[in-house]
Amino acid sequence: MVSAAEQLAANLNFSALGKAEELKKRIWFTLGALLVYRLGTYLPLPGIDPNIWEQVFRSQAGGILGMFNMFAGGGIHRMAIFALNIMPYISASIIIQLLTTVSPQLEALKKEGEAGRKTLNQYTRYLTVILAAFQSYGIAVGLEGAGNVVSDPGLFFRISTAVTLTGGTMFLMWLGEQITSRGIGNGISLIILSGIVAELPSALASMLELGRQGALSTGLILVVIVMAVVVIAFIVFMERAQRRLLIQYPKRQVGNQMFEGQSSHLPLKLNTSGVIPPIFASSLLLLPATVASFEANGQSFGWLGVITSYLAHGTPLYMALYIGLIVFFCFFYTAIVFNPAETADNLRKYGGFIPGIRPGKNTSDYLDYVLTRLTVVGSAYLAVVCILPEFLISQYSVPFYFGGTSLLIVVSVTMDTVAQIHSHLLAHQYEGLIKKSKLRGRRG
């Protein structure tokens with residue numbers, strides 16, 4: 001017999017979207033919010049000569065600055081008020097989550113439920129302001145030292161730039177929260193996604209122009225395009241991969257009626273951490289470069305300049321740290337989102353068990369064992385997807401920043417968004433069936 005959920009899923013189609021008024025409102029709100037974000041990436045900072053800055057950016061866009069511009073949705077290229085994008089918020093989230101593992105006070109807040117989560121979110125916002133102010137002030141100093149970009153350098157320019165860029169980041173943080181609560185969800189991820197997708201046409205045009213000029217061979221361009229298609233297919237396959245653990249429930253008696261034992265599955269995704277590890281890793285690698293990516297009169301900013309030179313896009317140290325951070329955040333974030341001990345307790349509470357495994361600690365250890373093996377494979381998959389295009393870019397100087405990390409973000413966020421829209425439609429159809437059944441009951 002086909003269950004009600006399966007029947008709803010089978011009958012689900014896009015024609016149902018026209019009847020789901022609440023979902024349409026959420027989609028329009030999300031599109032409007034993303035449009036506001038895109039408009040902000042075209043509003044330049046005051047006191048900047050756009051022509052001179054264009055020359056400076058093109059001279060340094062081949063390194064990590066170009067990658068940062070991709071995540072900023074072109075905000076760095078235009079030096080807009082949203083140039084910092086949402087990256088300070090992501091860095092603050094990383095720091096707060098790391099502190100929850102070493103600070104007993106923060107760990108206690110995390111266990112307090114909704115109230116504790118709100119307090120941790122508030123701490124994240126405060127830290128975001130601090131990081132954004134630091135990074136924006138560094139950008140202001142770098143702009144003053146990058147030739148004649150700033151028309152009137154001085155303390156007023158630095159303060160106004162710091163306030164403007166910090167305010168832009170805080171506005172985007174608020175906008176992302178609004179998309180999550182009033183839109184279709186994944187607010188922060190959708191902001192990053194829209195910025196990356198918006199830069200794709202210009203990246204493709206730049207690569208094709210180099211091919212027309214003879215700087216890139218036609219074969220290399222075809223290899224890049226084919227590789228992008230293969231990587232997308234590989235990402236879709238791996239993101240859908242999961243290990244399904246059989247859960248058995250024993251026979252039970254309710255009153256005078258005996259119910260047969262039932263079985264279900266506990267799905268464990270191969271990549272439990274999702275797109276978080278590459279975003280966190282990229283954010284941390286871009287943090288020191290925010291201040292030291294500009295040169296002042298041929299002199300770099302001391303030790304920050306040295307760090308930036310070693311962490312240049314495509315260098316061995318950059319790739320090694322990138323892989324290491326991805327693997328670390330895979331295990332770290334998986335440990336945050338999935339608690340084997342809590343899952344084992346819930347199974348025992350409802351009478352469920354894994355065949356051949358005793359309930360309680362043995363089940364918890366088994367879940368941890370399986371999850372660790374899956375995370376090893378998942379972290380290797382993320383590292384390969386994110387680092388392979390980096391080799392291509394570093395070896396052949398392909399100005400194509402829509403690489404592995406970007407493809408992973410675009411594909412994963414798109415799949416999650418489609419799944420959320422699907423769940424909204426499913427809920428709408430389920431509510432419609434409930435209303436129809438109530439009407440039939442009243443008529444009967």
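In which helix is the place of Trp174? Trp174 is found in helix 8, which covers residues 155-182. The views described below are taken from a predicted model.

**View 1. Overall make-up of the protein.** The predicted model contains 16 helices together with four strands. Of the 444 residues in the protein, 44% are buried, and the accessible surface comes to about 23100 Å², with carbon and sulfur atoms accounting for 63% of that area. When contacts between residues at least 6 apart in sequence are considered, 74% of them join residues at least 24 apart.

**View 2. A nonpolar surface patch that includes Trp174.** Val36, Phe171 and Trp174 together make a nonpolar patch of about 270 Å² on the surface. Trp174, which belongs to helix 8, has a relative accessibility of 44% and therefore counts as partly exposed, since that value falls between the 20% limit for buried residues and the 50% limit for exposed ones.

**View 3. Thr166, a buried residue of helix 8.** Thr166 also has its place in helix 8, and its relative accessible area of 11% is under 20%, so that Thr166 counts as buried. Its side chain reaches the backbone oxygen of Ala162 at a distance of 2.7 Å. When residues up to four places away in sequence are set aside, Thr166 touches Val129, Ala132, Ala133 and Ser136.

**View 4. Helix 5 and its cover.** Helix 5 is formed by the 14 residues 87-100 and reaches 20 Å from its first C-alpha to its last, which is close to the 20 Å expected at 1.5 Å a residue. The helix is mostly covered, with 10 of its 14 residues buried; among them are Met87, Pro88, Tyr89, Ile90, Ile94, Ile96 and Thr100.

**View 5. The surroundings of Leu106.** Leu106 lies in helix 6, made of residues 104-110, and is buried, with a relative accessible area of 11%. Apart from neighbours within four places in sequence, Leu106 is in contact with Leu99, Thr100, Leu120 and Tyr123, and of these contact partners Thr100 is itself listed among the buried residues of helix 5. Gly116, 10 residues from Leu106 in sequence, is 8.6 Å away in space, C-alpha to C-alpha.

**View 6. A salt bridge between helices 7 and 8.** Five salt bridges are counted in the model, and one of them joins the side chains of Arg125 and Glu177 at 3.0 Å, N to O. This pair links distant parts of the chain, with Arg125 in helix 7 (residues 114-144) and Glu177 in helix 8, 52 residues apart. Arg125 is partly exposed at a relative accessible area of 22%, and Glu177, at 27% relative accessibility, is likewise counted as partly exposed.

**View 7. A salt bridge between a strand and a helix.** The side chains of Lys269 and Glu239 meet in a salt bridge of 3.9 Å, N to O. Because Lys269 lies in strand 4 (residues 262-269) and Glu239 in helix 10 (residues 218-240), the pair ties together parts that are 30 residues apart in sequence. Lys269 is partly exposed, with 33% relative accessibility, whereas Glu239 is buried, with a relative accessible area of 7%.

**View 8. A salt bridge within helix 15.** Lys361 and Asp365 are joined through their side chains by a salt bridge of 2.9 Å, N to O. Both residues lie in helix 15 (residues 361-396), where they are four residues apart, about one turn of the helix. Lys361 is exposed, with a relative accessible area of 60%, while Asp365 is partly exposed, with 37%.

Terms used. Residues numbered from 1 in each chain as written. Predicted model: local features only at pLDDT ≥ 70, side-chain atom pairs only at ≥ 80, totals over all residues. Heavy atoms only, no water. Patch = residues over 30% accessible without salt bridge, like charges linked within 9 Å, V, L, I, M, F, W, Y side chains within 5 Å. Areas by Shrake-Rupley, 256 points an atom, 1.4 Å probe, with all protein chains shown as cover. Salt bridge = Lys/Arg side-chain N within 4 Å of Asp/Glu carboxyl O. Helix = DSSP H or I, 4+ residues; strand = E, 2+ residues; numbered from the N terminus. Buried < 20%, exposed > 50% of the residue type's maximum accessible area, 1.4 Å probe, protein only. Contact = heavy atoms within 4.5 Å. Expected span 1.5 Å × (residues − 1). Polar contact = N/O pair within 3.5 Å; in protein donor to acceptor, adjacent residues only side chain to side chain.
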